Amino acid sequence: MTFADGALPTIKKLTVEIHSIGEGFERTDLYPLIELPNYHQRCRNPRCRGGGFDLGEMVYWTLLGSRSTKNELSFACSGFQESAQQMEDCDTQFELKITAEYNDVPSVKEAALA
Ligand SMILES: [Zn+2]
């Protein structure tokens, strides 16, 4: 199941904070957003190739899918960077703080009584 299946309408508020730490840079991006689907967070390492991650999928699978209200996670970039002689793993680390509020959804029992 993905966002496209209609998971988003139950979300009232969603905030995503992405802290990127790598060689020569460190920055925080704040997303008070609802337009997460298909959003690809790019790696901040200018030498990184194929890095970053799919923010929408990440938020869905680690939080929204289970209707959790808060989650923090950290992981390494999956991209590669060119060094003098070879390709090596990108050393960027991402730290995410995600909080969500949901609209009330009637329980099965309430729906049956309505
Ligand atoms: Zn990277």
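**Entry 1. The four-stranded sheet**

I began with an open sheet of four strands, whose order is S2-S1-S9-S6 and whose pairing is antiparallel. The edges are formed by strand S2 (25–31) and strand S6 (70–76), each of which pairs on one side only. I looked up the angle between neighbouring strands of this sheet, and on average they are turned by 10° against each other, direction ignored. I note here that the model is a predicted one.

**Entry 2. The chain as a whole**

I then listed the elements of the protein chain and found two helices and nine strands. Read from the N terminus, they follow the order β-β-β-β-β-α-β-β-β-β-α. The protein chain has 114 residues, and buried residues account for 23% of them. I also looked up how far apart in sequence the contacting residues lie. Of the contacts between residues at least 6 apart in sequence, 59% join residues at least 24 apart.

**Entry 3. S1 and its pairing with S9**

I followed strand S1 (residues 11–22) to strand S9 (residues 93–102), and the two pair in the antiparallel sense over ten bridges. I recorded two positions in this pairing. Val16 stands opposite Ile98 in S9, and Glu17 has Lys97 in S9 as its bridge partner.

**Entry 4. S1 and its pairing with S2**

I next examined the pairing of S1 with S2, where the strands run antiparallel and are joined by seven bridges. Ser20 has Arg27 as its bridge partner in S2. Glu17 appears again here, with Leu30 as its bridge partner in S2. I checked the hairpin of S1 and S2 as well: two residues lie between the strands, and Gly24 takes a positive phi near 80°. How many of the seven residues of S2 are buried? I found a count of zero, and S2 is hardly covered.

**Entry 5. The largest nonpolar core**

Which residues have the most contacts inside the largest nonpolar core? I found Val16, Val59, Cys77 and Ile98, in a core of 15 residues. S1, helix H1 (55–62) and S9 each supply at least two residues of this core. The largest share comes from H1, with four residues.

I then listed the contacts of Ile98, leaving out residues up to four places away in sequence. On that basis, Ile98 touches Val16, Val59, Leu63 and Asn71. Val16 is thus recorded twice beside Ile98, as the residue opposite Ile98 in the strand pairing and as one of the contacts of Ile98.

**Entry 6. Met87**

I turned last to Met87, which lies in strand S8 (residues 87–89). Is Met87 buried or exposed? I found 11 other C-beta atoms within 10 Å of Met87. A residue with 12 or fewer is classed as exposed, so Met87 is exposed.

With neighbours within four places in sequence left aside, Met87 is in contact with Phe80 and Glu82. I also looked up the separation of Met87 from Arg49, which is 38 residues away along the chain, and their C-alpha atoms are separated by 9.6 Å.

How values were computed: Residues are numbered from 1 along each chain as its sequence is written. This is a predicted model: local features need pLDDT of at least 70, side-chain atom pairs count only at pLDDT 80 or more; totals for chains, interfaces and linings use all residues. A residue is buried if 20 or more other C-beta atoms lie within 10 Å of its own, exposed if 12 or fewer, and partly exposed in between; C-beta atoms are placed from the backbone. Two residues are in contact if their C-beta atoms, placed from the backbone, lie within 7 Å. Two strands pair if DSSP finds at least two bridges between them. Axes are lines fitted to C-alpha atoms, for helices over the stretch in contact, and angles run from 0 to 180 degrees between N-to-C directions. A nonpolar core is a set of buried Ala, Val, Leu, Ile, Met, Phe, Trp, Tyr and Cys residues joined through C-beta atoms within 7 Å.
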